[in-house]
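Open the model in your viewer and keep the selection panel at hand. Each stop says what to select, then what is there.

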Amino acid sequence: MIPKNLLPLFGVLPLAAGVAFPLASFVPSPNNFPAKADGDYAGGIFSIPLSELGKYAAGGTGTGAETPKGTGTKTSGSGPYPAQMIQDSSLPGHTIFAPKTPPAGNLSMPFIAWGNGACTLGVGTYENFLKEIASYGYVIAADGSPSGSSSAQSTVQMMRDSVDWASAGKAAKYGNVDISSITTAGHSCGGLEAYSTAYHDDRVKRIMLFDIAIFQDDRRYLLKEIKVPVAYIIGGKNDMGYPTSAKDYAALNAGLPKLRINLDTGHGGTFSATNGGKFGKAAVAYLEWQWRNNATAKAIILDPTSPSSLVKDNWTVESAYWPA
Ligand SMILES: *[C@@H]1O[C@H](CO)[C@@H](O)[C@H](O)[C@H]1NC(C)=O
Ligand SMILES: *[C@@H]1O[C@H](CO)[C@@H](O)[C@H](O)[C@H]1NC(C)=O
Ligand SMILES: *[C@@H]1O[C@H](CO)[C@@H](O)[C@H](O)[C@H]1NC(C)=O
């Protein structure tokens, strides 16, 4: 027999009787960095169980002056490569957003793994926003299906499955997907899933969190293991992600490039507005700057005087440590 105090070290342990011993629950403490961040519930160890939302985020679900009025029009995105939303049997349980035809000139396309708000399996809410990004020459694999369950939740492994799928070359039918340019991203719980997927996985080179950051102060030490630039796209003071993203932004490793932008939308952002609204524009500009070194896009984010800067769109912008 293994002494009782050693049991937690063994995780799933096949006992003589053939019964699997359950993996020990994650207990935060300053030196506890588990190998993987999958944890005990949706969103992984950077997240909370949905049942604790009221405890952590009471009052953080309001709207703001920039909240869209009604749902926008469905388009193929405003970018040069009209985009589609489709399901692909080579990645079950997910939905792909990509240009309808591979862009001419063998354009190199960065890859994004996406997680939904509340970690639901329904990605339909994000159709306008994700098509907008894809139309600029990006391939995205999102958890869930367009009309999927709004109560069942994704796992961190589902987002990792997207990264595995692209890394194995299975996105090649959509064009020239650059698997050295992988971003994990998501809204609310999906953003925390993006942290958890990127944790200890050096295939992931950027992380984008929408309207969210770590809820529990005693888990923020986990950010020591986040080694790639992080962008927080937040909905202003009525968003549950507002105070927490300020704390995460401050707690990231010294010198790590970072961005935190706020628009007064509350927690819901502008995802379902036509072409994803102002969140769509900001996300495209950030990605174009990061992955294509697009100077116009960089200026939209960082230079308040540029003709279509985020600041002129009413965003508040904080950033640090970006190379010149
Ligand atoms: C497209 O570019 C990739 C490298 O970025 C290369 O491996 C591939 O052979 C190219 N395909 C075509 C059809 O030129
Ligand atoms: C550069 O980024 C801007 C803003 O996101 C975009 O509209 C434009 O198409 C990009 N230019 C190129 C050459 O990709
Ligand atoms: C900025 O906010 C003000 C006040 O809500 C609004 O009137 C204006 O149209 C907004 N500007 C843009 C570019 O959306």
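The tour covers the sheet, the helices packed on it, two loop residues and two ligand sites. Keep in mind that this is a predicted model.

**Stop 1: the sheet**

Switch to cartoon view and select the strands from β3 to β11. Nine of them make up an open sheet, ordered β3-β4-β6-β5-β7-β8-β9-β10-β11. Pairing in the sheet is mixed. Now find the edges. They are β3, residues 83-86, and β11, residues 316-320. Each edge strand pairs on one side only. On average, neighbouring strands are turned by 15 degrees against each other, with direction ignored.

**Stop 2: β7 and β8**

Select residues 176-187, which are β7, and residues 204-210, which are β8. How many bridges join these two strands, and in which sense do they pair? There are six bridges, and the sense is parallel. For one rung of this pairing, pick Thr-183 and look across to β8: the bridge partner is Arg-206.

**Stop 3: helices on the sheet**

Select residues 189-198. This is helix α4, which packs on the sheet. It touches β5 (108-115), β6 (139-143), β7, β8 and β9 (230-234). The direction of α4 makes about 135 degrees with that of β7.

Next, select residues 241-251 for helix α5. Which strands does α5 lie across? They are β9, β10 (258-262) and β11. Against β10, α5 runs at about 160 degrees.

**Stop 4: two asparagines with positive phi**

Go to Asn-275, in the loop between β10 and α6. Its phi is positive, about 55 degrees, although the residue is not a glycine.

Then jump to Asn-314, in the loop between α7 and β11. Here phi is near 85 degrees, again a positive value in a residue other than glycine. Keep Asn-314 selected for the next stop.

**Stop 5: ligand 3**

Add ligand 3 to the selection. Its surroundings are Glu-66, Lys-278, Lys-312 and Asn-314. By class, this shell holds three charged residues, one polar and no nonpolar. Draw two distances from ligand oxygen atoms. One runs to an N or O atom in the side chain of Lys-278, at 2.6 Å. Another reaches an N or O atom in the side chain of Asn-314, at 2.2 Å. Alone, ligand 3 exposes 360 Å², and the protein buries 36% of that.

**Stop 6: ligand 2**

Finish at ligand 2. Select its shell: Tyr-136, Val-284, Ala-285, Glu-288, Asn-294, Ala-297 and Ile-300. Five of these shell residues are nonpolar, one is polar and one is charged. Which side chains offer an N or O atom to a ligand oxygen? Glu-288 does so at 3.2 Å, and Asn-294 at 2.4 Å. The accessible area of ligand 2 on its own is 360 Å², of which the protein covers 53%.

Colour the shell by element of secondary structure. Two helices, α6 (277-292) and α7 (295-302), give two or more residues each. Which one gives the most? The answer is α6, with three residues.

Definitions and conventions:
Residues numbered from 1 in each chain as written. Chains lettered and ligands numbered in written order. Predicted model: local features only at pLDDT ≥ 70, side-chain atom pairs only at ≥ 80, totals over all residues. Heavy atoms only, no water. Near = heavy atom within 4 Å. Polar contact = N/O pair within 3.5 Å; in protein donor to acceptor, adjacent residues only side chain to side chain. Areas by Shrake-Rupley, 256 points an atom, 1.4 Å probe, with all protein chains shown as cover. Helix = DSSP H or I, 4+ residues; strand = E, 2+ residues; numbered from the N terminus. Nonpolar A, V, L, I, M, F, W, Y, C, P; charged D, E, K, R; others polar. Pairing = 2+ DSSP bridges. Axes fitted to C-alpha atoms, helices over the stretch in contact; angles between N-to-C directions. Contact = heavy atoms within 4.5 Å.
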